[in-house]
Amino acid sequence: MGDKNRIYKPKPISGYAEWLPEHRMVEMEWMDKIRNVFETYGFCNIETPSVEELDVLLAKGETDKEIYTLTRLQADEDDDKDARLGLHFDLTVPFARYTAQHFNDLVFPFKRYQIQRSWRGERPQKGRYREFYQCDIDVINIDALPLHFDAEIPAIMYAAYQALDIPPVELRLSNRKILIGYLTALGVEDITTATRTLDKLDKIGADGVIKGLTEEAGLSEDIAQKSLALAEIKSEDTGFYDQVKSLGIQNDLLDEGLDELKFVVENLSHLPKGAIKVDLSIVRGFDYYTGTILEAYLKDTDYGAIGSGGRYDDLAGSYINKKLPGIGVSIGLTRLFSLLIEIGHFKEAERKSPADILMVLPDEAQRGVTLETANTLRARGYKVEMYHAASKLKKQLAYAEKKAIPFVWFPPFKDGKPHEVKDMNSGEQKNADPATWEI
RNA sequence: GCGGCUGUAGCUCAGGGGUAGAGCACUCGGUUGUGAUCCGAGUUGUCGCGGGUUCAAACCCCGUCAGCCGCCCCA
């Protein structure tokens with residue numbers, strides 16, 4: 001690298017994606033649309049630092065979470081300050097810390113959204129990165145958070161997906177109290193392993209689950225079958241309620257979860273048919289969830305979740321001596337976006353420039369008029385790119401074509417002649433006045 | 001972090017121990033003010049990177065990096 005005559009051939013860094021301009025343009029549009037939906041519901045934005053103290057990140061006892069730590073290259077032996085910092089792995093934990101820290105200055109229920117990158121040191125794969133954008137929306141309240149939010153937040157999430165031009169999305173809902181209460185009633189001891197196994201139902205099938213429950217979670221064949229029976233319950237409405245009841249297991253936590261989930265489903269009935277599905281096998285996501293949980297999927301694909309979230313009753317309680325229950329979801333923007341690039345979803349309307357108009361430079365002598373024309377159009381709100389040299393028109397048009405700029409503007413070739421504008425899609429060209437022309 | 005598969009021109013890929021190919025793309029031209037079609041001409045690679053074996057390596061071996069798949073974990 002120090003050798004001037006040698007080039008250092010750039011190569012991708014595993015798990016760190018970057019897009020071409022045409023894709024980045026769409027990504028930014030998406031962020032705007034999602035932001036707009038969030039604000040429509042009155043949520044405000046905050047941005048927190050990329051780093052948090054490791055004590056904050058690890059407060060919920062999540063062992064390592066593949067957290068990246070931050071150190072100086074030339075850190076002194078006794079300089080352990082930076083070593084205590086780590087890049088955040090999600091936006092919910094920083095949000096909880098923020099809420100606790102600024103407790104006295106915030107209005108509750110505190111509703112906020114954050115669109116930032118997160119980092120996880122996992123093995124990259126399709127749709128899975130080490131650095132990725134999340135669009136996170138949460139609400140936290142003091143002491144108690146009304147259950148209505150458990151319906152509002154998923155509704156907002158769904159609206160955000162709907163604002164994007166993407167294939168149909170399905171929200172899968174459950175409540176952690178159901179599975180935990182049920183397994184407790186069955187006398188299951190290693191609930192973590194059992195729920196982890198049940199969560200894989202979609203992936204490994206009923207046989208795989210039974211095998212995992214008996215071999216790894218240590219359940220008897222009978223208990224394993226009963227556990228599976230619950231996890232297999234799915235419904236598009238409140239039908240799950242009676243199905244669970246008919247299994248004949250009595251447990252207070254279970255009942256609480258059932259009532260909550262029923263309430264949530266009822267309060268989401270305004271969503272389009274097929275938008276939500278109760279799926280009692282889902283449990284995953286981070287450990288801090290305590291009630292409602294949900295995952296978003298692209299329908300008819302086998303891609304992983306493109307968003308998820310849930311209710312957490314005592315996350316912020318790790319940072320302040322108060323009870324601050326919250327609920328929130330996160331849209332996995334980078335994952336969703338990269339999957340759609342992969343399937344060629346953006347092929348059509350791609351532009352490689354935000355410009356609406358390419359301003360032709362017919363002749364060096366016309367540069368003044370050309371510039372003036374461009375500025376007139378810009379003042380009227382159009383995005384105008386100037387062609388940089390008085391090259392052959394063939395070249396200038398080919399440039400517009402390559403960047404998919406929809407209009408090409410021809411200033412007068414000679415004084416007194418009219419302006420002309422060409423629609424590159426139709427090929428139609430006509431006279432135009434920069435002061436009045438409309439797309 | 002563990003295991004597996006893959007890596008040849010900008011893209012999709014063929015080749016397979018003796019000094020690198022196709023299609024598409026790209027560049028230029030087909031005269032005077034016009035792209036996407038057509039015609040003509042042309043350019044393109046340290047065969048991911050580093051090392052080893054060999055008279056000779058893109059091809060064999062080792063390592064490494066990257067992508068993908070599975071696990072783990074999760075957006």
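Two strands count as paired when DSSP finds at least two bridges between them. Keep that rule in mind for the sheet stops on this tour. The model is predicted.

**Stop 1: strand 10 and its neighbours**

Select L294 in strand 10 and G309 in strand 11. These two residues stand opposite each other. Now show both strands in full. Strand 10 and strand 11 run antiparallel and are joined by four bridges.

Next, add strand 7, residues 169-175. Strand 7 also pairs with strand 10 in the antiparallel sense, here over seven bridges. For a landmark, label L171 and A296, which stand opposite each other.

Stay on strand 10, residues 292-298, and turn on its side chains. Is this strand mostly covered, or mostly open? Mostly covered: seven of its seven residues are buried. Look at one face and you find T292, L294, A296 and L298. Turn to the other face for I293, E295 and Y297. Both faces are covered.

**Stop 2: the whole chain**

Zoom out to chain A. The chain has 439 residues, and 48% of them count as buried. Colour by secondary structure to see 13 helices and 17 strands. Along the principal axes, the C-alpha atoms fill a box of roughly 90 × 60 × 45 Å.

Now colour by domain. Domain 1 covers 21-342, and domain 2 covers 357-432, according to the domain assignment. How far apart do the C-alpha centres of domain 1 and domain 2 lie? The distance is 50 Å.

**Stop 3: the five-stranded sheet**

Select strands 13 to 17. They form an open sheet with the order 14-13-15-16-17, and the pairing is mixed. Strand 14 (384-386) and strand 17 (429-432) stand at the edges; each has a single partner strand, so one side of each is left without a neighbour in the sheet. Look along the sheet for its twist, which averages 30° from one strand to the next.

Pick out strand 13, residues 357-359, beside strand 14. This pair is parallel, with three bridges. Label L358 and its bridge partner in strand 14, E385.

**Stop 4: RNA strand B**

Show RNA strand B and select the protein residues around it. There are 47 of them, and the closest are S14, R120, E122, K200 and Q429. Colour the 47 by character. The surface near the RNA divides into 23 charged, 13 nonpolar and eleven polar residues.

Which part of the RNA faces you at this surface? Of the RNA atoms within 4 Å of the protein, 60% belong to sugar or phosphate. The rest belong to bases.

Now go to three side chains in turn. Start with S308, where a side-chain N or O atom is 3.2 Å from a phosphate oxygen of RNA strand B. Move to K395, where the corresponding distance to a phosphate oxygen is 3.1 Å. Finish at K402, with a phosphate oxygen 3.0 Å from an N or O atom of the side chain.

Then select the elements that give two or more residues to this surface: strand 6 (131-140), strand 11 (307-312), helix 13 (393-402) and strand 16 (419-423). Which element gives the largest share? Helix 13 does, with seven residues.

Two of these elements appeared at earlier stops. Strand 11 is joined to strand 10 by four bridges. Strand 16 belongs to the five-stranded open sheet. Leave strand 11 and strand 16 highlighted with RNA strand B shown, and both can be viewed as contributors to the surface near the RNA.

Methods. Residues numbered from 1 in each chain as written. Chains lettered and ligands numbered in written order. Predicted model: local features only at pLDDT ≥ 70, side-chain atom pairs only at ≥ 80, totals over all residues. Heavy atoms only, no water. Near = heavy atom within 4 Å. Polar contact = N/O pair within 3.5 Å; in protein donor to acceptor, adjacent residues only side chain to side chain. Nonpolar A, V, L, I, M, F, W, Y, C, P; charged D, E, K, R; others polar. Domains from an automatic or database assignment. Buried < 20%, exposed > 50% of the residue type's maximum accessible area, 1.4 Å probe, protein only. Axes fitted to C-alpha atoms, helices over the stretch in contact; angles between N-to-C directions.
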